[in-house]
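Me: I'm new to this one, so could you take me through its pockets up close? I'd like to know how much space they hold and what lines them.

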Amino acid sequence: MTRLVVFDFDGVVADSEVIANAVLAEFVTEMGAPTTVEDSLRDYTGRRLADVLAEVEGRLGRPLVPDAVAEFQRRTLARLRCELRAVAGVRGYLDALGGADRCIASASSPDRLAACLDVLGLANAFGKHVYSATMVPRGKPHPDLFWHAAAQFGVDPRDAIVIEDSANGVRAGVAAGMLTIGFLGGSHIREGDEKKLRAAGAHHIARDYADVAAITRLQTR
């Protein structure tokens, strides 16, 4: 029986991927590597910032200037504070989740997660159970973050469900031993994404939170 529901954040709780990747594409282009929003969504979704920036530096053939990361984070948070919305249906799903514990396990930084949850008014929905990939040695697609999340609740990973919108996140959930839902409800989802999530090993595909609720009910009976 499911005892824990683990949410990725960007594209699963916050409909933030298009916003964040627009800023990232602008930033990388300014650094000297022309990048479109579609390029950024394809190449960087579901990865922690440190890994993304290491790849950008590899493309550029040089390290980023010292204040570049801080400037990128400032721009991203400014856009998110103005434009961010919750993914359709997530508030109702959280309200109806019942007795199962829930948490966030995201590639985003703790500061960004806290700011976005505040903008959305959802901080109380997760309390202290907001976990960032900065807390573990390896980001997704490795299972470290999901194992960390399960350990905080004393839950066997096999008794957890994870909701993920990226192939790397799905791979991490499967590697962690959790039942993994590939989620297609964010505005960033493109043609071919369902195929990618299935290829990554998703046990179920959910097109919206009505689908997630139906899957969750089956697992919590």
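Here is a walk through the pockets, one after the other.

Reply: Keep in mind that this is a predicted model, where local features need pLDDT of at least 70 and side-chain atom pairs pLDDT 80 or more, while totals for chains, interfaces and linings use all residues. Residue numbers start from 1 along each chain as its sequence is written, and side-chain values use heavy atoms, without hydrogens or water.

Let's start with the largest pocket (an open set of 1 Å grid points where a 1.4 Å probe fits, with protein on both sides within 12 Å along at least five of seven lines). It holds about 510 Å³ of space, counted as what probe spheres set on the points fill. Its lining (residues with an atom within 4 Å of a point) has 26 residues, and Arg47, Leu49, Ala107, Ser108 and Arg112 sit closest to the centre. Four helices (DSSP runs of H or I, at least four residues) each bring at least two lining residues: H1 (17-31), H3 (49-60), H4 (68-83) and H6 (110-120). By class, that lining splits into nine nonpolar, nine polar and eight charged residues.

Now for the second largest pocket, at about 370 Å³. Here 18 residues make up the lining, and Leu41, Arg42, Thr45, Asp193 and Lys196 are the closest to the centre. H2 (37-44), H9 (167-176) and H10 (193-200) each chip in at least two residues, with H2 giving the most, four. Ten residues of this lining are charged (Asp, Glu, Lys or Arg), alongside four nonpolar and four polar ones.
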